[in-house]
Amino acid sequence: ELRNTCHYEKINGIAFPAGFSELFATCSRNDIRVWNALTRQELLRIEVPGLDCNAVTFMTDGKSILSGWSDGKIRAFLPQSGKLLYAINDAHNHGCTALVATNNCQRIVSGGQEGEVRVWRISRQTQIMECSLKEHRGRVDEVRINRNDTQAVSTSYDGSCIIWDIVTHSRIMCMFQSTMFKSVVYHPDESQLLTTGSDRKITYWDCFDGQAIRMLDGSASGEVNTLAITAEGEHFVSAGEDKIVKLWSYDEGMNTYQGVGHSGVISKVCIAPNQQFIVTVGAEGAIFIWHMPKSVLGDK
C-alpha cells in the first residue's frame, strides 16, 4: 500500500491557486505535482521526462497550471486532468526560469536563462509574444507583477533588478547591487520592494526612486534564495542555504521566529493565501508545511 510520495530531486518552485489554500503545486526534475495541503496526499502528477521544470504558477482564474521548462518551452496544463492545454515553443533559448500570470488572465510574463523578460498575450487558441525586453545579462530568477497588471519586476543573476512597464513595454527603473539576485517581492501597498540574493542581505527598495532604504543580514552562513510576504505586509519569510526558515517583522526588521527541519538548501518559500501556514521546498526533495505563529495571526 503506497502511503506517501514525494519528489526525488531538487524542488524548484511552489504555487498556490489564487485565494485557495487547500492545494498547491510543486515542480522538480521530470514533473509537476499537485498536493492536498490538508491531507498531504499527491492529487496529480504531470510528467515530462528528461526535462527540469524551473517554474510553476497557476493562472489567476485557476483554469490552467503554467510551467517553464529547461527546453525553453512554456507549457500549460489542465489542473484536474493534467492534460496539455498548450505549449509555447522556443519561449526562451536556453530554458524558461521564471513565470508569472497577470491578474486578468490575459498575459504571462516570463524570464529566461539568457536574461530576456518576455510578455505573452494568451488565449486558449493563440499565444503571441507581445515584446521581448532584453536588458539583463544573466539568468532571470524571479518575476513578479503588480496588482493592476501595469508593471512587472524581474531579478537577475547579473546584479540588476528592473521594474518594467508591461503596457508600454519599457523600462521604468533599474536597481543595481553587487549580488546575484535570487528573489523579489512587492510589499502589498506596492510602495516598496524586498530583494535578496547571494550577498546574504535582504534589501528594502523604494519603488518610486529606486533607492535602497534598508539592508538586513538575512543569514550568517549562506545565500538567501527566497522570500514571501504576508497579505498584510507586516511580516515576511526568508530561507536559503543555511536551511533555516526565518520569519521577520517588516517594520522592525527583526527575525522573530525560526524553523529548522530541512536537510538541504531551501529553494522556495510560499505563504498560503489564507495566511495560516507556510510551505518550503528544498534541494533534498522535501516539502515542509509550517504553522504560522499565533502571534502573527493575532495581529489581524
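## Sheet S8 to S11

In S9, Cys96 has Gly112 as its bridge partner. That contact belongs to a run of five bridges joining S8 to strand S9 (residues 107–112), with the two strands running antiparallel. Keep in mind throughout that this is a predicted model.

Zoom out a little and S8 and S9 turn out to be part of an open sheet of four strands, ordered S8-S9-S10-S11, with antiparallel pairing. At its edges are strand S8 (96–101) and strand S11 (127–134), and each of these pairs on one side only. Going from one strand to the next, the twist averages 20°.

## Sheet S16 to S19

Further along the chain there is another open sheet of four strands, this one in the order S16-S17-S18-S19, and here too the pairing is antiparallel. Strand S16 (181–186) and strand S19 (212–217) are the edge strands; each has a single partner strand, so one side of each goes without a neighbour in the sheet. The twist averages 20° from one strand to the next.

Let's walk across it. S16 and S17 run antiparallel and are joined by five bridges, with Phe181 standing opposite Gly197 in S17. The two make a hairpin with five residues between them, and Glu190 in the turn has a positive phi of about 60°. S17 and S18 also pair in the antiparallel sense over five bridges, and Leu194 stands opposite Tyr204 in S18. This hairpin has three residues between its strands, and in the turn Arg200 takes a positive phi of about 70°. On the far side of S18 (residues 201–206), the pairing with S19 is antiparallel over five bridges as well.

So how enclosed is strand S17 (residues 192–197) by the rest of the structure? Five of its six residues are buried, so S17 is largely enclosed.

## Tyr204 and its company

Tyr204 is worth a stop. On one side, Leu194 stands opposite Tyr204 in the S17 and S18 pairing; Tyr204 also stands opposite Arg214 in S19. With Arg214 there is a side-chain contact too: the charged end of Arg214 sits over the ring of Tyr204, 5.1 Å from its centre.

Tyr204 also belongs to an aromatic cluster, together with Phe236, Trp248 and Tyr250. That puts one ring in the company of Arg214 and of three aromatic residues listed in the cluster, Phe236, Trp248 and Tyr250.

## Aromatic pairs

How many aromatic pairs does a search of the whole structure find? The count is seven. One of them is Phe16 with Phe24, a tilted pair at 5.5 Å centre to centre with 50° between the planes. Both Phe16 and Phe24 are buried.

Phe236 and Trp248 make a stacked pair, 5.9 Å centre to centre and with 5° between the planes. This pair links distant parts of the chain: Phe236 is in strand S21 (residues 235–240) and Trp248 in strand S22 (residues 244–249), twelve residues apart. Are these two rings' residues buried or exposed? Phe236 has a relative accessible area of 0%, so Phe236 is buried. Trp248 comes out at 5%, so Trp248 counts as buried too.

## Hairpin S6 and S7

Strand S6 (residues 74–77) and strand S7 (residues 84–88) run antiparallel and are joined by four bridges. Their hairpin has six residues between the strands, and Gly82 takes a positive phi near 80° there.

Arg75 does two things here. Its bridge partner in S7 is Ala87, and Arg75 also lies over the face of Trp69, at 5.5 Å from the ring centre.

## Cysteines without disulfides

The disulfide count comes to zero. For Cys53, the nearest cysteine sulfur is that of Cys27, 3.8 Å away, and Cys53 is in no disulfide. The cut-off explains this: a disulfide needs two cysteine sulfur atoms within 2.5 Å. Cys53 has 0% relative accessibility, so Cys53 counts as buried.

Cys161 is in no disulfide either; its nearest cysteine sulfur, that of Cys174, is 7.8 Å away. With a relative accessible area of 0%, Cys161 is buried.

Key
Residues numbered from 1 in each chain as written. Heavy atoms only, no water. Pairing = 2+ DSSP bridges. Axes fitted to C-alpha atoms, helices over the stretch in contact; angles between N-to-C directions. Buried < 20%, exposed > 50% of the residue type's maximum accessible area, 1.4 Å probe, protein only. Phe/Tyr/Trp six-rings, centres within 6.5 Å; stacked < 30°, edge-to-face > 60°. Lys NZ or Arg CZ within 6 Å of the ring centre and 35° of its normal.
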